[in-house]
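Subject: A structure for you to explore

Hi there,

Here is the structure I promised to pass on. Please open it next to this email and keep the sequence at hand as you read.

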Amino acid sequence: MKSDFLTVTQSKRGAITSFKLNDDKSNMNWVIDPGYLESLGYDDLDKLFGEFNITVNGQKHRSIDQIPEVTGDETHSTVTFKAAGLTLKQNFELEKDAFKWDFSIQNETQEDATIENLGLWISLA
């Protein structure tokens, strides 16, 4: 995704892998780069910006173990996961000089769901 202010790159899974201010002469990437992790031998792709862990009704789920649906265009992106009867959706949007991000959860069943834990990675470098 790209605006006049910011360029954001996502992995095929929708995780944010590059977050750069367009006017930054140093070309600083403000999020953790998976290529850098790999070069150091770290297996931490589950901790990239936008990955999450959730415990629903006592059962643990990790986004890294799911195959999300990723859609979008030059300034918008939606990443949708399904787990335990829930739809977990992240919307990313570049608008002027802002990066907007929201995370929502919808219960797709008629049964109650108890979320005991939700950890959402916001990995800034």
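Below is a short tour of what I found in it, going from the whole chain down to single residues.

**The chain as a whole**

Please keep in mind that this is a predicted model. The protein chain has one helix and nine strands. If you follow the sequence from start to end, the pattern is β-β-α-β-β-β-β-β-β-β, with the helix coming after two strands. The C-alpha trace spans about 50 × 35 × 20 Å along its principal axes. Of the 125 residues in the chain, 30% count as buried. As for contacts between residues at least 6 apart in sequence, 44% of them join residues at least 24 apart.

**The hairpin at the start**

Begin with strand S1, residues 6-10, and strand S2, residues 16-21. S1 and S2 pair in the antiparallel sense, over five bridges. To see one pairing on screen, find Thr-7, whose bridge partner in S2 is Lys-20. Five residues sit between the two strands of this hairpin, where Gly-14 takes a positive phi near 95 degrees.

Now look at Ser-18, which has its place in S2. Is Ser-18 buried or exposed? Its relative accessibility is 12%, and the cut-off for buried is under 20%, so Ser-18 counts as buried. Leaving aside neighbours within four places in sequence, Ser-18 is in contact with Thr-7, Val-8, Thr-9, Asn-29 and Val-31. You have already met Thr-7 as the bridge partner of Lys-20.

**A sheet of three strands**

Next, find the open sheet with the strand order S4-S3-S9, in which the pairing is antiparallel. Its edge strands are S4 (59-62) and S9 (115-120), each of which pairs on one side only. On average, neighbouring strands of this sheet are turned by 10 degrees against each other, ignoring direction. S3 covers residues 52-56 and pairs with S4 over four bridges. One pairing to look for is Val-56 with its bridge partner Gln-59 in S4.

**A sheet of four strands**

There is also an open sheet of four strands, in the order S5-S6-S7-S8, with antiparallel pairing. Which strands stand at its edges? They are S5 and S8 (98-107); each has a single partner strand, so one side of each is left without a neighbour in the sheet. The twist from one strand to the next averages 15 degrees.

You can walk through this sheet pair by pair. S5 and S6 are antiparallel and share four bridges, and a hairpin of three residues joins S5 to S6. Here Glu-69 has Thr-80 in S6 as its bridge partner. Further along, S7 and S8 run antiparallel and are joined by 10 bridges. In that pair, Thr-87 stands opposite Gln-106 in S8.

**A residue in a loop**

Between S4 and S5 (69-72) there is a loop, and Gln-66 is found in it. How should we class Gln-66 by its accessible area? Its relative accessible area is 22%, which lies between the cut-offs of 20% and 50%, so Gln-66 is partly exposed. Apart from neighbours within four places in sequence, Gln-66 is in contact with Arg-13, His-61, Phe-81 and Lys-82. If you would like a distance to check, the C-alpha atoms of Gln-66 and Asp-46 are separated by 11 Å, and these residues are 20 apart along the chain.

**A cavity**

Last comes some empty space. Rolling a probe the size of a water molecule over the atoms shows where such space is left. The structure holds one cavity of 30 Å³ or more, and about 40 Å³ of space lies in the largest cavity. Which residues line the largest cavity? They are Arg-13, Gly-14, Ala-15, Gly-50, Glu-51, Val-79, Phe-81, Gln-90 and Phe-92. By class, this lining has four nonpolar, three polar and two charged residues. S6 (76-83) and S7 (86-95) each supply at least two of the lining residues.

Some names should look familiar here. Gly-14 is the residue with the positive phi in the first hairpin, while Arg-13 and Phe-81 are among the contacts of Gln-66.

Enjoy exploring, and write back with any questions!

Best wishes

How values were computed:
Residues are numbered from 1 along each chain as its sequence is written. This is a predicted model: local features need pLDDT of at least 70, side-chain atom pairs count only at pLDDT 80 or more; totals for chains, interfaces and linings use all residues. Side-chain values use heavy atoms; hydrogens and water are left out. Two strands pair if DSSP finds at least two bridges between them. Axes are lines fitted to C-alpha atoms, for helices over the stretch in contact, and angles run from 0 to 180 degrees between N-to-C directions. Buried means under 20% relative accessible area, exposed over 50%, partly exposed in between (1.4 Å probe, protein chains only). Contact means heavy atoms within 4.5 Å. On a 1 Å grid over the protein atoms alone, a cavity is a set of points where a 1.4 Å probe fits but cannot get out, and a pocket is an open set with protein on both sides within 12 Å along at least five of seven lines; lining residues have an atom within 4 Å of a point. Grid points are joined across faces, edges and corners, and a volume is the space filled by probe spheres set on the points. Ala, Val, Leu, Ile, Met, Phe, Trp, Tyr, Cys and Pro count as nonpolar, Asp, Glu, Lys and Arg as charged, and the others, Gly among them, as polar.
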